[in-house]
Amino acid sequence: MQIRKKMLGAAAVGVSAVLALGACSPPQDEGNGGGGENSVTWIVNQPGGGWNHNSNEGGSVYVIQMLHGVLPVPGFWSPEGQWEWNTDLIVNTPELIEGDQVSWEYQINPDANWSDGEPISAEDFIWQWKMTSGDDEICAEGCNSRGSTLGSLIESVEGSDDGKTVTVTLKEDAQFPGWFTFGADGLYPAHVAVAEGIDLDTADGMLESSHFFNDAPLTISGAEYVFDGTPALDGRTVKVANEEYWGDTPDIGEIILEVNTEEGSWVPALTNGEVQGAAPASWSDDVITQLEGLENVEFGVDSGGSWEHLDVNMNNEALQDEALRHAIFNAIDVQNIADRTYGEKFPDITPRTNHVFSTSSEFHQDTITEHGHGAGDADAALELLEEAGYELNGDTLELDGEAVPALRLRYTAGHVAREIISELIQADLSEIGITAEIETTDDLGGTLAEADYDLMLFGWSTTPDFYGSPHQYWHSESGSNFGGLDVEEVDTLVDRTMNSSTPEESAEHANEAAALVAEQAYVLPIVDTPAFYFYDTSFIDGVTDNNAQSRRALWNQHEWTAVN
Amino acid sequence: MSEMQSRIAMSGGGPENPEQPVAKGGDLTQIQIIWRRFRRHRAAMISLVLLALITAFAFLGPLVWQWGHTVNSDIPSNAGPSWDHPFGTTKQGNDVFAQTMRGAQQSLKVAFTVAVLSTVVGATWGAVAGYYRGRVDAIMMRIADIFLIIPLIVAVASINGNVRGGATWYAVALIMCLFSWATIARVVRGVVLSLREQEFIEAARAAGAKASRIIFRHLLPNAAGPIIVAATLLIAVAVLTEAGLSFIGFGIQPPDISLGKMVEGARTAAFTRPWLFYPPGVLIVLICLTINFIGDGLRDALDPRQTMVRR
Amino acid sequence: MLVYTARRLAVAIPVLLAASVLVFLMVDLSGDPLADLRLQQPPPSEEVMAAAEARYYLDRSTPERYWLWMTGIGGNGDIGLLQGEFGPSVRGGAFDIGEQLASSITVTLRLVTAAIIAALGLAILSGVVSAMRQYSKLDYTLTFIGFLALAMPTFWLGALIKEGGLWFNQTTGTGFFYTIGANSARVSNMTNWEYFLDSAGHLVLPTVTLMLTSFASWSRYQRTSMLEVLNSDYVRLARAKGVPNRVVVRRHALRTALIPLVTVATIGVVGIIEGVVITETIFQWRGLGYFFIEAVKTNDAFAVMSWLMLSGTLVVLASLVADILYGVLDPRIRYE
């Protein structure tokens, strides 16, 4: 009996240990109160890296989603890609003031205060400029900034009228078509850094403030929501309605963002009522298939924020022949690729026919089809090749009796869609006698920078502010013109794209440049990567995705309504 | 402990004649005895047949099956099971049946490589340590300890995480070996420690046999029983580890495929397209199950006492 | 006893030190922590790269970096295991490796404790029953269940268990089981009872997932050792003396037969650690397993190293405890 008692004792100790672990009273956090009412839990599919979205670590869509509704923004892109001012914060309609130097002016709502009572002022705009200036005299070590074209073009940001009027002036001769996007990811409260004893007028002080905002989350807010407790970049972020907000109080009183990296767990959690929605940054056929069978769930798919393309390395000897490049592009069947990658769940998908603008953009012009690129027409490709002196000998393409060397086709390991695309391209090219050897890379940046490829499959992100992109892609001196395109006319055009005063003018130059690039058969656009979102209609209403913003479907969270 | 070890030693077959430790004829009868005992273990026999079938499916199947495991534009996208594609097809146009064969092949290749290589290295290491004892033993076993304290899956993940793209089946297998030979070394050392005290080893030593001869001709063959059992179980561990690695994204990388990779890719399809989820998963379970039963049967066959109880 | 413990500790320290070299080399030589930064578009300037390399000590040689990692002497004060500093994380200042490890442990500990207790209890029960009814239908069934659990990939099993929990919720109309996380978001205004239910509802499914593998192998050990004891001379003697079967089993057999399990279970820490990595991914717990995977994925070298050292230390400690417990429990063993 003694042993039995001992065993029982041991069991009791064990069980009570579990109970003690589970049942100690709930941890109390120093909250901003409120919450609990109309609470919505939303999935963020990757952890963030830092709380300053301007920094290298923090500059991700995930961080911008977490900070959304806490940092004030001057304006935002609508789902249709139209710029809209945030009339809660900016009471005028800023316009470019032509003069010796380009400038514009914001008038801040006099009622607009941070939740600690301090006004939202010019100081906050000034900090944003300094942070992104990339100028070591203003900001030591570039403030660890992820870089910004606009920030580097600004000469000064000045406040007047008690800091409620802000004037931004560009450097001499500088123009930027996307001038209005200044601060669009959110403004930080400069006064909080000052209160920490940081001198923002020195370069070192700015660097310190950059780290200060990166290392710890804000405790105050300048918008509809405020963090409750301590949010975690790799865990849970709880946002509750900001009681000090001067505008309308949102109907959803609490938004909880949960980092969840395991896509297999999303739909079970949704059906179990643990989460109410998500707008993941990655595509998954199976998640969509699971969603299709569910009641009370609304989901949508649309072209997302990036596009896939095939790049040619101009330094490859064989590929220096323009005819070969055109033939390769002609042989690839892009519609088939689109169908087999995303077509099943997104039947509307079409080949992308412009390097800068997707089909839905108002500036879109088809620069691809006229060259027959992406048509998957092996006969036309062979005809082109024969004209240029090539010969198809059995299964091998030959030039002057010598086989065209095998081409190395590379993409990032683990990227499912690119895996499919590369295998399809390989099959297409074999029809014109070209061998493509698929080789994955685990270091996309390095592979690109060293141009360690013959054909490269990768993606560019696409945002409505396209102005700097053509320069980045194609200028002969750009660090991101990996394949080494060097055409003087293109250089001129992409310079003009960046140096225009209006988006329309800029787009015109961008399209001209894109047409030249197509003529060179340098880059073959493939498809816009689609994105999907879903939410539980028995909880919330008014959710729409917004692929023009990093915030995706959360963009209008303050307008969502609760369903009872 | 010592009781068990001597039992294992007995079961390994204590040769009567130390001068001719493992004579051909005697060896055959030894194997025959073990085989007879093994055959009585019904679950193990069934498992052996099943495993043979799976192996044939994995290695011979691709030779006769009409589709390859790679993308083929003649294959429809996302089709359900049919006579042409018994396990359906993937989105990009793979025949899942062919993929399953290829996946099983790669998983088995990884598993057998790990088992064989780890056993060769581990058994030698453990035997040398056990034979020399003392300081050599202490140092060698501490080195083995180092590899034992890092869990296999995390060790491989931390290396593989960075050779992604280069993580072919043999890379995965080699890295797994690096962290699994020590288990075998421990087992073998224990056995050898007790074996070396036995008379036939003493006799060999007295007859002036060299250490290497004693280790490889006398000690290791007589420790064959536990070594075979441990190696068998390692196969199952390797299959599961590879699957787990694939799940967290650090296993064999595409365009190659393994069973673990297939289940990982289909884990959200369990209820929408079960034909993608279940075949590779069931195959993993079958491989591990059969191997565990075979290990069990071998243990019984090599350990006469337990078999006696059973009869 | 004390002397023995001290001697074992003295052996454990060089092993850990050697392991630290292995861990360091393994991680250091196999990846570039700044890969993500290099990948950035537009590419960062050379000064930014140089500053980053200096910040993460990548401008030093490998042996120097190891020395720094261990001692922190010559570093910026954010490195040196022996000083309790884990090194800078490439995920930026918001990510303090030490703090994150500490908070991860508390999450994981809950899961691991529950799983170990459940696995031990079930393993003892099923092992003893199996041994006492050797070769009965029950024995074969339990053996088969054990083998099956051993043969299933944890993540496959986890997916099935999760579906089981969801099915339970739907059929009963309750929301008892949760499929993600260790707790709900809003716990501060819960009563103790609600909080307990919430914790339990989150805990059960991952515990079952994590438990099954250990249960399977432990119950095999328990069965074997129980059989061995039941066939031993002293149990036979007790039986011969006419002691009732129940008493023999409880008083004489079970106690002795538990001893090997203690050792096995303590060493089983390795298996548990592997299981935690996968279980926490399936159920999205923010514990040590998740910490590890994110660290590997972000090439966060110092975080991976710290994690591996922590798990190594746990394993070494566990085997130390196993050795000592073995002596305490088994009167036949005396330490020299």
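The exercises below, each with a worked solution, concern a predicted model.

**Exercise 1. The sheet of chain A**

Give the order of the strands in the open sheet of chain A, and find which strands stand at its edges.

Solution. Step 1: 10 strands form the sheet, and their order is β7-β8-β9-β1-β10-β18-β11-β17-β15-β16. Step 2: the pairing in this sheet is mixed. Step 3: the edge strands are β7 (225-227) and β16 (436-441) of chain A. Each has a single partner strand, so one side of each is left without a neighbour in the sheet.

**Exercise 2. Strand β9 of chain A**

Work out which strands pair with β9(A) and in what sense, and state how many of the residues of β9(A) are buried.

Solution. Step 1: β1 (residues 39-44) of chain A pairs with β9(A) in the parallel sense, over 6 bridges. Within this pairing, I255(A) of β9(A) has V40(A) opposite, and V259(A) of β9(A) has V44(A) opposite.

Step 2: β8 (residues 236-241) of chain A pairs with β9(A) in the antiparallel sense, over 5 bridges. Here V238(A) has I256(A) of β9(A) as its bridge partner.

Step 3: β9(A) spans residues 254-259, and 6 of the 6 are buried, so the strand is largely enclosed by the rest of the structure. The side to which a residue points makes no difference to this: E254(A), I256(A) and E258(A) point one way, I255(A), L257(A) and V259(A) point the other way, and all are buried.

**Exercise 3. Salt bridges at D452(A)**

Find the salt bridges that R408(A) and R410(A) form with D452(A), and say whether each of the two arginines is buried or partly exposed.

Solution. Step 1: in the salt bridge between R408(A) and D452(A), the closest N and O atoms are 2.8 Å apart. This pair links distant parts of the chain, 44 residues apart: R408(A) is in strand β15 (residues 407-412) of chain A, while D452(A) is in the loop between α13 (444-449) and β17 (455-461) of chain A.

Step 2: R410(A) also forms a salt bridge with D452(A), with the closest N and O atoms 3.2 Å apart. R410(A) lies in strand β15 of chain A too, 42 residues from D452(A).

Step 3: buried means under 20% relative accessible area. R410(A), at 7%, is therefore buried. R408(A), at 22%, counts as partly exposed, and D452(A), at 29%, is partly exposed.

**Exercise 4. A salt bridge within a helix of chain C**

Describe the salt bridge between D233(C) and R236(C), and state how far apart they are in the helix.

Solution. Step 1: the N to O distance between the two side chains is 3.9 Å. Step 2: both residues belong to helix α9 (residues 233-240) of chain C, and being 3 residues apart they are separated by about one helical turn. Step 3: D233(C) is exposed at 60% relative accessibility, whereas R236(C) is partly exposed at 48%.

**Exercise 5. The two sides of helix α3 of chain C**

Determine which residues of α3(C) are buried and how they are placed around the axis.

Solution. Step 1: in α3(C), residues 46-55, the buried residues are V48(C), M49(C), A51(C) and A52(C). Step 2: their arc around the axis is only 165 degrees, which puts them on the same side of α3(C). Step 3: E46(C) and E47(C), on the other side, are exposed. Step 4: after the helix comes Y57(C), with a positive phi near 60 degrees.

Technical notes
Residues are numbered from 1 along each chain as its sequence is written. Chains are lettered from A and ligands numbered from 1 in the order in which they are written. This is a predicted model: local features need pLDDT of at least 70, side-chain atom pairs count only at pLDDT 80 or more; totals for chains, interfaces and linings use all residues. Side-chain values use heavy atoms; hydrogens and water are left out. Buried means under 20% relative accessible area, exposed over 50%, partly exposed in between (1.4 Å probe, protein chains only). Helices (H or I, at least four residues) and strands (E, at least two) are DSSP runs, numbered from the N terminus. The arc is that of the directions from the helix axis to the C-beta atoms. Two strands pair if DSSP finds at least two bridges between them. A salt bridge is a side-chain nitrogen of Lys or Arg within 4 Å of a carboxyl oxygen of Asp or Glu.
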